[in-house]
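Student: I would like a close look at one part of this protein, and I would be grateful for a single connected account rather than a list. Please take me through it slowly, with the surroundings included.

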Amino acid sequence: MSTLITGMHHVTAMASGAQSNLDFYTGVLGLRLLKQTVNFDAPDVYHFYYGNEVGDPGTIMTFFPFAQMARGRKGRSQTVRTSFSVPEGALEFWMERLRRFGIGFTQPEERFNEQFIYFEDWDGLGLELVAHAGDTRQPFSRPFIPESVAIRGFHHVELSERVYEATEELLVNMLDYDFVGESGARRRYAPRTGSTGFLDLVWDAHPDFGSGGTGTVHHIAFDTASEEDQLILRERLLRRKVFTTQVLDRQYFKSIYFREPGGVLFEVATSGPGFAWDEPVAALGQELKLPPWVEAQRAAIEAQLEQINQDMTKYA
Ligand code: ZN
């Protein structure tokens, strides 16, 4: 049977301030702002996409900055950590950089024979940098973050659940992931295609359910190569009584959503058309892009949005 899921596509989380979110992910972490658009269901809120040079699936971190939203709480049935891959030997650079901007982090620990540090963004979102050898993905590099240490994309996402069995069954039988390792109350799965981007299930971390809000992940998205594969997968999910939405047009990809048995919201997004269909690669992220159905309201939308400044010289 062919593989319908090729690996990770993106992770979407909630933030408070737009500028502070932009500063953290482009200034401190050095990702590229790939797209400024709005939440298609609430066009008075930005939707920022960050990633590598072109926004390859598996490198894309996205945020909805909701200025008025309360902070969420990490807990069960949530994606509690999002981990990025950096080259071996890069953690020293990153610890120095986090220290310089007053961002707390844990000393390096080891998991599955790899070193990692844990830290949080300014809204409390759980993040890691993992020193991962042999990651050949092309990073976005800036003068102040050399390519030799720059973030390559996702290393893994960590889901906190009560039990793992039903989620594992879905991952292995429907989503083309394989079990690859166990460490204490953690089980790791890898895309069958061999692409980088593990999924870890952890079942002893949180006795209580998490609550949504700023500083929490809203959903994680898997990549599928084509709209045809997406429809085949949707049919398979529905046949197994996994309630799945209609295909939704997210402009840069097409999406379906469903909740996995442990309670985490999953999305399956198409690889294409990608971020360069409505502006050239060299200009990605510089201007506010709106979907055609809200373009007529541009002036009113722009008037409501927080003004942002992409000058990151203070992070150089
Ligand atoms: Zn999404």
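**The sheet around the zinc ion**

Tutor: In this model, which is predicted, helix α4 (residues 227-239) lies across β1, β13, β15 and β16 and runs at about 20 degrees to β15. Those strands belong to an open sheet of eight strands, whose order is β2-β3-β4-β1-β13-β16-β15-β14 and whose pairing is mixed. At the edges of that sheet stand β2 (32-39) and β14 (248-249), and because each has a single partner strand, one side of each is left without a neighbour in the sheet.

With the order of strands in mind, the zinc ion can be placed. Its protein donors are H10 through NE2, H219 through NE2 and E267 through OE, and they lie 1.9 to 2.0 Å from the ion. Along the chain these donors follow the spacing H-x208-H-x47-E. The two histidines link distant parts of the chain, since H10 sits in strand β1 (residues 5-15) and H219 in strand β13 (residues 217-224), with their positions 209 residues apart. Both histidines are buried: H10 has a relative accessible area of 2%, and H219 has one of 5%.

Strand β1 deserves a longer look, and A13 is a convenient residue from which to view its surroundings. A13 is in strand β1, and at 0% relative accessibility A13 counts as buried. When its neighbours within four places in sequence are left aside, A13 is in contact with M61, T62, F63, F64, L125, T216, V217 and H218. A useful contrast is E88, which is 75 residues from A13 in sequence and lies 27 Å from A13 in space, C-alpha to C-alpha.

Several of the contacts of A13 lead to strand β4, and the pairing shows how that strand is held in the sheet. β1 and β4 pair in the parallel sense over six bridges, and T12 stands opposite T62 in β4. On the other pairing, strand β3 (residues 42-51) runs antiparallel to β4 and is joined to β4 by three bridges, with Y49 having T62 in β4 as its bridge partner. Strand β4 (residues 60-65) has six of its six residues buried, so β4 is largely enclosed by the rest of the structure. Its side chains are divided between two directions, with I60, T62 and F64 pointing one way and M61, F63 and P65 the other way, and all of them are buried.

Turning to the part of the sheet that contains β15 and β16, strand β15 (residues 254-259) runs antiparallel to strand β16 (residues 265-270), and five bridges join the two. Within this pairing, F258 stands opposite F266 in β16. T270 is also in strand β16, and T270 is buried, with a relative accessible area of 2%. A polar atom of the T270 side chain lies 2.7 Å from the backbone oxygen of G272. Once its neighbours within four places in sequence are left aside, T270 is in contact with H9, D223, T224, S226, E227, Q230, F253 and K254.

For completeness, the model has another open sheet that can be read in a similar way. Eight strands form this sheet in the order β6-β7-β8-β5-β9-β12-β11-β10, and its pairing is mixed. Here β6 (109-111) and β10 (177-182) stand at the edges, and as each has a single partner strand, one side of each is left without a neighbour in the sheet. Neighbouring strands of this sheet are turned by 30 degrees against each other on average, with direction ignored. Helix α2 (residues 91-100) packs on this sheet, where the helix touches β5, β7 (114-120) and β8 (126-131), and the direction of α2 makes about 15 degrees with that of β7.

Strand β5 (residues 78-86) of this second sheet holds S83, and at 0% relative accessibility S83 counts as buried. Apart from neighbours within four places in sequence, S83 is in contact with E128, V130, G153, F154, H155 and H156. Elsewhere in the sheet, strand β11 (residues 186-191) and strand β12 (residues 198-202) run antiparallel and are joined by four bridges, and Y189 stands opposite L199 in β12.

Terms used. Residues numbered from 1 in each chain as written. Predicted model: local features only at pLDDT ≥ 70, side-chain atom pairs only at ≥ 80, totals over all residues. Heavy atoms only, no water. Donors = N, O, S within 2.8 Å, 3.2 Å for Na, K, Ca; no water. Buried < 20%, exposed > 50% of the residue type's maximum accessible area, 1.4 Å probe, protein only. Contact = heavy atoms within 4.5 Å. Pairing = 2+ DSSP bridges. Axes fitted to C-alpha atoms, helices over the stretch in contact; angles between N-to-C directions. Polar contact = N/O pair within 3.5 Å; in protein donor to acceptor, adjacent residues only side chain to side chain.
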